[in-house]
Amino acid sequence: MISKVTTASQIERTARLAHKIWTDHYVPIIGQEQVDYMLKNFQSATAITEQIKSGHEYYLLSEDDIAIGYLGLRPDHPKGKLMISKIYVDSTQRGKGRGYQLLEFTQKLSLKRGIEFIWLTVNRHNSNTINWYKKNGFTIVEEKKFDIGNGFVMDDYVLEVATKDLFS
């Protein structure tokens, strides 16, 4: 079940899941210090609350009332685009179509809203994830480095797909 994150308890639940997923997945790629910094500044309950207040949307993927994944979206309606700012699935749930479920949800929401393009950023060294996005129709359109503070940089690819072409 995918539900919109609106309450303080849902936000806390999302932040706890983010901590688990990010620690499992990103420490080998970017190191514990940067993961801790990013969790505190971008995926803590406080950070998620502020993002929601500024127009971001969060959705929690649950099964049997257990949170197993989440999605963060940032609409950019004037440009006809939607950014997937977060799409994460617990490592115990990978390979079961959970990411696909979140992408399909994003596509349906985008089509309903008349959004023409879906885009995201992904760490350049996260090759399995890049390949997964490519398999689902995304293409790399740009390389970007973002200074995120405290001496840390996000070294990413920007990937994009026309909403109607997702999964093709």
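In the predicted model, the crossing of helices α1 and α2 is right-handed. The axes of α1, which spans residues 8-30, and α2, which spans residues 32-42, come within 8 Å and cross at roughly 145°. On the α1 side the contact is made by A18, H19, W22, T23, Y26, V27 and I30, which meet Q32, Q34, V35, M38 and L39 of α2. Sorted by class, this contact comprises 8 nonpolar and 4 polar residues, while charged residues are absent from it.

Two residues of the α1 contact, W22 and Y26, also belong to a cluster in which ring pairs link them with Y58, Y70 and Y88. In total, the count of aromatic pairs comes to 10. For Y70 and Y88, the ring centres lie 5.4 Å apart and the planes stand at 40°, an angle that is neither under 30 degrees nor over 60, so the pair is classed as tilted. This pair links distant parts of the chain, given that Y70 lies in strand β3 (residues 66-76) and Y88 in strand β4 (residues 81-89), with their positions 18 residues apart in numbering. Both partners fall below the 20% limit for burial, with a relative accessibility of 0% for Y70 and a relative accessible area of 13% for Y88.

A further aromatic pair is formed by Y133 and F138, whose rings are 5.3 Å apart from centre to centre, with 75° between the planes, and are therefore edge-to-face, the angle being over 60 degrees. Y133, at 4% relative accessibility, counts as buried, and F138 is likewise buried, with a relative accessible area of 2%.

Note on methods
Residues numbered from 1 in each chain as written. Predicted model: local features only at pLDDT ≥ 70, side-chain atom pairs only at ≥ 80, totals over all residues. Heavy atoms only, no water. Axes fitted to C-alpha atoms, helices over the stretch in contact; angles between N-to-C directions. Helix = DSSP H or I, 4+ residues; strand = E, 2+ residues; numbered from the N terminus. Left-handed = near helix turned anticlockwise from the far one by under 90°. Contact = heavy atoms within 4.5 Å. Nonpolar A, V, L, I, M, F, W, Y, C, P; charged D, E, K, R; others polar. Phe/Tyr/Trp six-rings, centres within 6.5 Å; stacked < 30°, edge-to-face > 60°. Buried < 20%, exposed > 50% of the residue type's maximum accessible area, 1.4 Å probe, protein only.
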